[in-house]
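These are my notebook entries on the empty spaces and the helix contacts that I looked up in this structure. I went through the enclosed spaces, the open ones and the packing of helices against one another.

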Amino acid sequence: MKISRASHVSIFLLFCFLLTSYKTANKYTNEPLSIETLEAAYKKYKEAAITNRRFKHADLQPLIQKHSQEFKVEVLGESIDHRSISSMDWGNGKTKVMLWSQMHGNESTATMALFDLFNFLEGSGDEFDPIRNTLKENLEIKFIPLINPDGAEAFKRRNSLDIDLNRDAISQISPEAIILKKARDDFEPEFGFNLHDQQVYYNVEGTPKQATISVLAPAYNYATDVNDVREKAMQTIVGMNQVLQQVIPGQVGKYDDAFEPRAFGDNITKWGTSTILIESGGYWGDPDKQYIRQLNFMIILEALHEIATKGYESYTTEQYFAIPDNDSKLVDLLINEMQVNVNGKKYPIDLVIRRRESEIPNGYYVSGSIDDLGDMQVYFARETLDASGLEFTEGKVYETTFNSIEDLTEEKALELLKEGFLAVKIKSGMPKEVHHLPILVLKSTDTFSGGWTTGSAPNFYLSKNGNLKYALVNGYLIDLENPKDELFMQPIY
């Protein structure tokens, strides 16, 4: 039968109409999700019940049950201290994906993001429905939001056996490790997400930028070969990195891929699951990692979308290896050319200082320490002081004892600092109780430690011709002439 030219045109126009209709109905194809879409989704579905990263097992249980209608919730077992470890399953697709978080109890950033993601996946009737439909039709997802609940209770890295779960993949000493291994073996996911936090002092190699997010497609052997399983993880990471470079340019690092035979990530890759490690680092001005929580939500959602649409296939391993490596050269404070007097002679030295968090019930305080000294030009600092011409000077304890910390104000503390007093004594107060004053507060001791050598507590002054210019209080730098606003997290000693 001969088809007329007009019929050809009509068929072509019908095809174009159907194609346009399909694209409209399926707005989200294998193209990456836009930053605007990801940010809007986070803003709408952020879990309001989680406001900080020091939550406990009991805080999460009602949130898990809140999703029991849309998710299949299952108790996989118990921790050493008999806290439940649950999984949450969602989706009807053929591609299986498993995500597990907080293997280390004090690494909770991604856990927060997972609960934001649960809200998103359970939503309906908005502009995000095409994304949800794509994920639901193509993926079956198993989430284990808290694998180390005992560690989370004390906000510490290890479990109640003092074992690092990420070094227990083979020996299976801990019940938590047994649960995670069994979940992987029973589910047999094609993709896995190993969600962690890293210390805030990682930088992107050769730059002063924090490694806010670090990534890795773990090796499965000592030769660090790349097989199909590992290649898919690398490709997926490239897509995540492209999202991150739009919002935190230059702040993504890549971990060394040396094979660790005891680690879960390496072995799960070895067992056939394309494993993606996400490590949440630091972001200046975000001590509670709420912005990094948003970044986790965005890149996990983007990665799931890539997997559902096979969009990751458009990326290459070369793009993965082009992601710069991590380094560990960040410090809180770098002091250059400070003069110290040894045996009657003055020497100019550089100091690098880090202020680390120390856990207490329901919070933390900061402990400053001098990490290194000498020629510190390879370090990058959040704050740098040129101390040329300034000399190390010891501080004193104020003679009068205050009744309590309530008798002190910030103004009074600064006044005492300017007079050479780095510390005050109080009669009542609990040791390790947190205060926010720019001065040392003593209760159980009459003296304080301080010095300029490695490992010392950075409590001293910098003076010029006998005049005090700066105070170092627990590693915080205070300009005595122009003090800046700063949140001090200090303990009572």
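I looked up the second largest cavity of this predicted model and found it lined by His57, Leu60, Gln61, Ile64, Ser84, Ile85, Ser86, Pro145 and Leu146. Its volume I noted as about 50 Å³. Helix H3 (57-66) and strand E2 (84-90) each bring at least two residues to this lining, and H3 gives the most, with four residues. Sorting the lining of the second largest cavity by class, I wrote down five nonpolar, four polar and no charged residues.

Since H3 had come up, I followed this helix to its packing against helix H4 (residues 109-122), where the two meet at an angle of about 20 degrees with their axes 11 Å apart. That angle makes H3 roughly parallel to H4, and the crossing of the two helices is left-handed. On the H3 side the contact is made by Leu60, Leu63, Ile64 and Lys66, and on the H4 side by Thr111, Phe115, Asn119 and Glu122. By class I recorded four nonpolar, two polar and two charged residues for the contact of H3 with H4. I also marked that Leu60 and Ile64 of H3 take part in this contact and are listed in the lining of the second largest cavity.

Next I asked myself at what angle helix H2 and H4 pack. The entry reads about 95 degrees for H2 (residues 35-45) against H4, with the axes 9 Å apart, and H2 and H4 are therefore roughly perpendicular to each other. I listed Ala41, Tyr42 and Tyr45 in H2 as meeting Asp116, Asn119 and Phe120 in H4, a contact that divides into four nonpolar, one polar and one charged residues. Asn119 of H4 is thus entered here against H2, and I had already entered Asn119 in the contact with H3.

I then turned to helix H5 (residues 129-138) and helix H10 (residues 290-309), which pack at an angle of about 55 degrees with their axes 9 Å apart. That makes H5 oblique to H10, and I noted that H5 passes H10 in a left-handed crossing. Ile131, Thr134, Leu135 and Asn138 of H5 make the contact with Leu301, Leu304, His305, Ala308 and Thr309 of H10. The class count for the contact of H5 with H10 is five nonpolar, four polar and no charged residues.

Back at the enclosed spaces, I asked how many cavities of 30 Å³ or more there are. The count comes to two, and the largest cavity has a volume of about 60 Å³. Glu410, Leu414, Pro438, Leu477, Ile478, Asp479, Pro483, Lys484, Glu486 and Phe488 line this largest cavity. Helix H12 (410-418) and strand E22 (476-479) each supply at least two residues of that lining, with the largest share, three residues, coming from E22. I divided the lining of the largest cavity into six nonpolar, no polar and four charged residues, whereas for the second largest cavity I had five nonpolar, four polar and no charged residues.

For the open spaces I began with the largest pocket, in which about 1000 Å³ of space lies. Of the 34 residues that line the largest pocket, I noted Arg53, Val200, Pro287, Arg355 and Glu357 as the closest to its centre. Strand E12 (345-360), strand E13 (363-374) and strand E14 (380-386) each supply at least two residues of this lining, and E12 gives the most, with four residues. The class count for the largest pocket is eleven nonpolar, six polar and 17 charged residues.

My last entry concerns the second largest pocket, for which I wrote down a volume of about 420 Å³. Its lining has 22 residues, and Asn166, Arg167, Tyr255, Leu277 and Glu279 lie nearest its centre. The elements that give two or more residues to this lining are strand E5 (191-197), helix H9 (264-270) and strand E9 (274-280). Which strand gives the largest share of the lining of the second largest pocket? I found that this share, three residues, comes from E5. By class, the lining of the second largest pocket has seven nonpolar, seven polar and eight charged residues.

Note on methods:
Residues are numbered from 1 along each chain as its sequence is written. This is a predicted model: local features need pLDDT of at least 70, side-chain atom pairs count only at pLDDT 80 or more; totals for chains, interfaces and linings use all residues. Side-chain values use heavy atoms; hydrogens and water are left out. On a 1 Å grid over the protein atoms alone, a cavity is a set of points where a 1.4 Å probe fits but cannot get out, and a pocket is an open set with protein on both sides within 12 Å along at least five of seven lines; lining residues have an atom within 4 Å of a point. Grid points are joined across faces, edges and corners, and a volume is the space filled by probe spheres set on the points. Ala, Val, Leu, Ile, Met, Phe, Trp, Tyr, Cys and Pro count as nonpolar, Asp, Glu, Lys and Arg as charged, and the others, Gly among them, as polar. Axes are lines fitted to C-alpha atoms, for helices over the stretch in contact, and angles run from 0 to 180 degrees between N-to-C directions. Angles under 35 degrees count as roughly parallel, over 145 as roughly antiparallel, 65 to 115 as roughly perpendicular and the rest as oblique. A crossing is left-handed if the near helix is turned anticlockwise from the far one by less than a right angle, and right-handed if clockwise. Contact means heavy atoms within 4.5 Å.
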